[in-house]
Amino acid sequence: MPDPLAGLPPRCLRTPEAARFLGLSGRTLEKHRTYGTGPRYSKLGGRVVYRLDDLQAWLNRGAKTSTEDQLADAVLPAKPHSNPLARYAGQARR
């Protein structure tokens, strides 16, 4: 029997599914979203969804081959950061 989803674009994951895919808790993923340190997401109505490609790209940002690799593309922890370029509602983050 042919797959009815064949040929459709990749499915989007809601926060709990995306968190399981990444090996994180849903709360940690929500914090990443709040602080701007997590993967790209979209809002469909009131729902937050993550594309599989965006989740994989975020994971790849943290990929290193040794401890001496540069940290320029490091995945940041889910907490506020003092990045002067980070903005929230038009206000600089503290």
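Reader: Which helix holds both Arg27 and Glu30, and how many residues apart are they?

Author: Both residues lie in helix α2, which covers residues 26–35. They are three residues apart, about one turn of the helix. Note that this is a predicted model.

Reader: What do Arg27 and Glu30 form, and how far apart are the closest N and O atoms?

Author: A salt bridge is read from a side-chain nitrogen of Lys or Arg within 4 Å of a carboxyl oxygen of Asp or Glu. Arg27 and Glu30 form such a pair, with the closest N and O atoms 3.4 Å apart. Glu30 is partly exposed, its relative accessible area being 30%.

Reader: How many salt bridges does the structure hold?

Author: There are five. One of them joins Arg11 to Glu17, where the closest N and O atoms are 2.8 Å apart. Glu17 has 24% relative accessibility and counts as partly exposed.

Reader: Which residues are linked in a network of salt bridges?

Author: The network links Arg40, Arg51, Asp53 and Asp54. Within it, the closest N and O atoms of Asp54 and Arg51 are 3.7 Å apart.

Reader: Is Asp54 buried or exposed?

Author: The reading rests on relative accessible area: under 20% is buried, over 50% is exposed, and values in between are partly exposed. Asp54 has 14%, so this residue is buried. Its partner Arg51, at 40%, is partly exposed.

Reader: Turning to the sheet, in what order do the strands stand?

Author: The order in an open sheet is read across the strands, and need not be taken from their numbering. Here three strands are arranged as β1-β3-β2, with antiparallel pairing.

Reader: Why is one side of β1 and of β2 left without a neighbour in the sheet?

Author: β1 (12–14) and β2 (42–44) are at the edges and have a single partner strand each, so one side of each lacks a neighbour in the sheet. From one strand to the next, the twist averages 45°.

Reader: How many bridges join β2 to β3?

Author: Three bridges join β2 to β3, which spans residues 47–51, and the two strands run antiparallel. For the register, take Ser42, which stands opposite Val49 in β3.

Reader: Which helix packs on the sheet, touching β1 and β3?

Author: Helix α3, residues 52–61, packs there, and its direction makes about 65° with that of β3. Helix α1, residues 15–22, also lies across β1 and β3 and runs at about 100° to β1.

Reader: With which residues is Ala18 in contact, leaving aside its neighbours within four places in sequence?

Author: Such a list shows which parts of the chain meet at a residue. Ala18 belongs to helix α1, and its contacts beyond four places in sequence are Leu13, Leu29, Tyr50 and Leu55. The C-alpha atoms of Ala18 and Leu55 are 7.5 Å apart, although 37 residues separate the two along the chain. With a relative accessible area of 0%, Ala18 is buried.

Reader: Which residues make the nonpolar surface patch?

Author: Phe21, Leu52 and Leu59 make the patch, which has an area of about 220 Å². Leu59 lies in helix α3. At 34% relative accessible area, Leu59 is partly exposed.

Conventions: Residues numbered from 1 in each chain as written. Predicted model: local features only at pLDDT ≥ 70, side-chain atom pairs only at ≥ 80, totals over all residues. Heavy atoms only, no water. Pairing = 2+ DSSP bridges. Helix = DSSP H or I, 4+ residues; strand = E, 2+ residues; numbered from the N terminus. Axes fitted to C-alpha atoms, helices over the stretch in contact; angles between N-to-C directions. Contact = heavy atoms within 4.5 Å. Patch = residues over 30% accessible without salt bridge, like charges linked within 9 Å, V, L, I, M, F, W, Y side chains within 5 Å. Areas by Shrake-Rupley, 256 points an atom, 1.4 Å probe, with all protein chains shown as cover. Buried < 20%, exposed > 50% of the residue type's maximum accessible area, 1.4 Å probe, protein only.
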